[in-house]
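Please walk through this structure step by step, beginning with how far the model can be trusted and ending with its backbone peculiarities.

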Amino acid sequence: MSKCIWMLAALVAGTVPAVAAPPGPGARTIEHGRKLVTIAGCNDCHTPGWTEHGGTAPKDQLLVGGGLAFQGPWGTTYPTNLRLYVQSLTVEQWTQTVRTTKARPMMPWWVFRAMNDHDIASIYYYIRSLGPAGDPAPGYIPPGRPAPPPYLKLVMPPPAPATTGS
Ligand code: HEC
């Protein structure tokens, strides 16, 4: 009889697909997120003063956005305030967003391809652990419109002179 129960248990265990539990926001998960954010350079753009201060910032400035803005043929873009951004998202919505976003330059959205769901959730929990702070970053400004500095500007070479065909 007990052999039967064990066989049944083995059968069930073998047929039910293993579902990985979503990572909870424990200290190790948050620390993993902090490490990924540091290595992936999120602060370089999303934390004001990060570059100027050699990769450090007070906690109230971390990831509040607007840090390093960019202007080029795409217009002017300001790094999003991630501390406010995550507040309205569940971890599932965050994961879905960063997996599908094709944000404008200079956001390197392709870095998320190298991360698994645990990595992406860990970044979310790290940012959430910092709490909301700062103001929303200035909105996107289309090409040719004046934009508040400072920003880094990409200057393109002039177009090649037209050939006359002679
Ligand atoms: C080289 C600069 C740069 C780096 C590095 C960078 N970002 Fe961004 N990020 C931006 C800019 C600029 C925007 C705003 C883009 C726009 O207006 O479309 C942005 C937007 C975003 C958005 C909003 C996307 C959307 O669809 O609205 C998220 C989320 C984000 N960044 C997360 C991150 C995370 C997490 C990292 C680190 C893995 C990171 N960023 C690294 C510059 C950067």
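What is the mean pLDDT of the protein, and what share of its residues reach 70 or more? The model is a predicted one, its mean pLDDT is 88, and 84% of the residues reach 70 or more. Residues 1-17 need separate treatment, since pLDDT stays under 50 throughout that stretch and the model has zero contacts for it beyond four places in sequence. Where pLDDT is low, the predicted coordinates should not be read in detail.

With that caution in place, the overall layout can be described. The protein has six helices and three strands, and along the sequence these follow the pattern α-α-α-β-β-α-α-α-β. Buried residues account for 23% of the 166 residues, and among contacts between residues at least 6 apart in sequence, 62% join residues at least 24 apart.

The interior is best approached through α6, which covers residues 117-130. At 1.5 Å a residue, the 14 residues of α6 should span 20 Å, and because its end C-alpha atoms are 20 Å apart, the model agrees with that expectation. Within this helix I120, A121, S122, I123, Y124, Y125, Y126 and I127 are buried, and the buried residues of α6 pack against α2, α4 and α5. After the helix comes G131, whose phi is positive, near 85°.

Much of the same helix reappears in the largest nonpolar core, which has 16 residues, and of these L63, V86, I123, Y124, Y125, Y126 and I127 touch the most other members. Both α2 (27-39) and α6 supply at least two residues of this core, but the largest share, seven residues, comes from α6. In soluble globular proteins, nonpolar side chains tend to be buried together. I127 illustrates the packing: leaving aside its neighbours within four places in sequence, I127 is in contact with L63, L82, R83 and V86. A second core, separate from this one and made of six residues, includes C45, A69, Y78 and A137.

Which residues come nearest to the ligand? Of the 23 residues around the ligand, they are C42, C45, T101, R104 and M107; C45 is also among the members of the second core. By class, the shell around the ligand contains 16 nonpolar, five polar and two charged residues. Both α3 (42-46) and α4 (82-85) supply at least two residues of this shell, with α3 giving the most, namely four.

The backbone also has some features that merit inspection. Most residues other than glycine have a negative phi, and most peptide bonds are trans. L63, however, has a positive phi of about 60° although it is not a glycine. This residue lies in the loop between α3 and β1 (70-72), and L63 counts as buried because 29 other C-beta atoms lie within 10 Å.

A cis peptide bond, with omega about 0°, joins P105 and M106, and M106 has its place in the loop between α5 and α6. Another cis peptide bond joins P149 and P150, again with omega about 0°. P150 lies in the loop between α6 and β3 (152-153), and it counts as exposed because it has 10 C-beta neighbours inside 10 Å. Although P150 and F70 are 80 residues apart in sequence, their C-alpha atoms are 8.7 Å apart in space.

Note on methods. Residues numbered from 1 in each chain as written. Near = placed C-beta within 6 Å. Nonpolar A, V, L, I, M, F, W, Y, C, P; charged D, E, K, R; others polar. Core = buried A, V, L, I, M, F, W, Y, C linked by C-beta atoms within 7 Å. Buried ≥ 20, exposed ≤ 12 C-beta atoms within 10 Å, placed from the backbone. Contact = placed C-beta atoms within 7 Å. pLDDT = per-residue confidence, 0-100. Expected span 1.5 Å × (residues − 1).
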